[in-house]
Amino acid sequence: MHRLTEPAIQDSSKTLQIGNYQLQSRYLLAPLAGYTLFPFRMAIRELGGIGLATTDLIPARAIFTKSKKAQKILKTSPEDHALFVQIYSAKTEDMVTAAKWLEKKGYAGIDINMGCPMGKVNSRGGGAKLMCNVDGSVSMVAQIAEAVDIPVTVKMRLGWDRKSISAPTLAKEFEKVGIAAVIVHGRTRSQGFTGEVNLDGIRETVEAVENMPVIGNGDIKTVEDAFRVRRETGCAAISIGRGALMDPWIFQKIERACAGETEIPEPTPEEIIDFLIRHFSLMVDQYDEYSCILFRKFAGWYGAKLGIPEDLEDKLRRCENIDEFYQIIDQIRDRHGERESAIPTAMIRVPNGPVERW
Ligand SMILES: Cc1cc2nc3c(=O)[nH]c(=O)nc-3n(C[C@H](O)[C@H](O)[C@H](O)COP(=O)(O)O)c2cc1C
């Protein structure tokens, strides 16, 4: 049982307007490349409480040249709604072409990546690098927003480094050119994933805009974190990435807290196993036998959450075919709770070492 230690935010309206969309929740799933693909999104959406999800970042060109990898990331269904597609490039022309293509295909919205810290994205001028050139970025964003009728959002960091905090200025300008919302990860690019999230930076971005929703992001791992960040920054909504992988029930818990519950039950082992099976079967629908490989990065989390012994978790990590996978599940049903530690042995990898070399 989870006892709430921070009062829930009571919004006058539960919904959040982003462009022409009325999102049913102010708590959104952040993109985590390689994790928040269609199978995970669907499994977690079914638990309830998610207002919006976004795809992994995709190079704009890969969208309209229909690269195989991009097609896989673009997989969706009517139930996977609302879904924004995240694109990146330093070339405005490619971004505009990709945005138009996505609108024609019926995607709900476009999210522009201005936060990715990786060298291969930044060295070509994309991702967080765009934050260094305010005029250029505003011009790019304006042309994309002008080219489509679906909402366009921007996901960014606070700036390149602590000497160049550009999020408030950019957000202000983006609002003027028709951007529907900005999502702000409260770190700079040079921080990578280290150090504390700077809530003052998010608050300054909120204060810089007139009406456009600012969505706070970074290190929100519990229901209480979500409410605290909203209180301290005044942001209209929250985007949760790693916290949602560590606890896929987080959105459901937030929804229950907002509905007035103060004691929120944790999922039972049976519910976690059902979630695991749902997640895996959705993977199988899309990736067939390859799902066993894709599932490996989740094995540590399920292993810890279900308290399965190391030998069984190891089997989950080495499994190569679907039948074997379901045999392992039968063993998990019998043997969960044998291990004490709830700390995952391997979970979400973030790049490490000096950010300049990422
Ligand atoms: C493994 C991994 C993959 C990520 N992929 C993306 C991505 O494709 N697009 C993006 O905008 N942010 C991406 N991010 C950043 C997250 O969306 C988020 O901004 C960051 O992790 C901080 O929020 P969190 O603490 O809630 O995860 C990624 C982060 C991680 C750890």
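A residue counts as buried here if 20 or more other C-beta atoms lie within 10 Å of its own, and this cut-off is used in the legends below, which describe a predicted model.

**View 1. Strand S10 is covered on both of its faces.** In a regular strand the side chains alternate between the two faces of the sheet. In strand S10, which holds residues 214-217, Val214 and Gly216 lie on one side while Ile215 and Asn217 lie on the other, and these four residues are all buried. Across the protein, buried residues make up 47% of the 358 residues.

**View 2. Strands S9 and S10 run parallel.** Four bridges join S9 (residues 181-185) to S10, and Val184 stands opposite Gly216 in S10. Together with helix H8, residues 199-208, the strands S9 and S10 make a right-handed β-α-β unit.

**View 3. Strand S11 pairs with S10 in the parallel sense.** The pairing of S10 with S11 (residues 237-240) extends over three bridges, and Ile238 in S11 is the bridge partner of Gly216. Here helix H9, residues 223-233, joins S10 and S11 in making a right-handed β-α-β unit.

**View 4. The ligand has 21 residues around it.** Of these, Ala30, Ala33, Leu57, Gly241 and Arg242 come nearest to the ligand, and the elements that give two or more residues to the shell are strand S5 (53-59) and helix H10 (242-246). Sorted by class, the shell around the ligand has nine nonpolar, eight polar and four charged residues.

Technical notes
Residues numbered from 1 in each chain as written. Predicted model: local features only at pLDDT ≥ 70, side-chain atom pairs only at ≥ 80, totals over all residues. Near = placed C-beta within 6 Å. Nonpolar A, V, L, I, M, F, W, Y, C, P; charged D, E, K, R; others polar. Buried ≥ 20, exposed ≤ 12 C-beta atoms within 10 Å, placed from the backbone. Pairing = 2+ DSSP bridges. Right-handed = clockwise from strand over helix to strand, strands pointing away.
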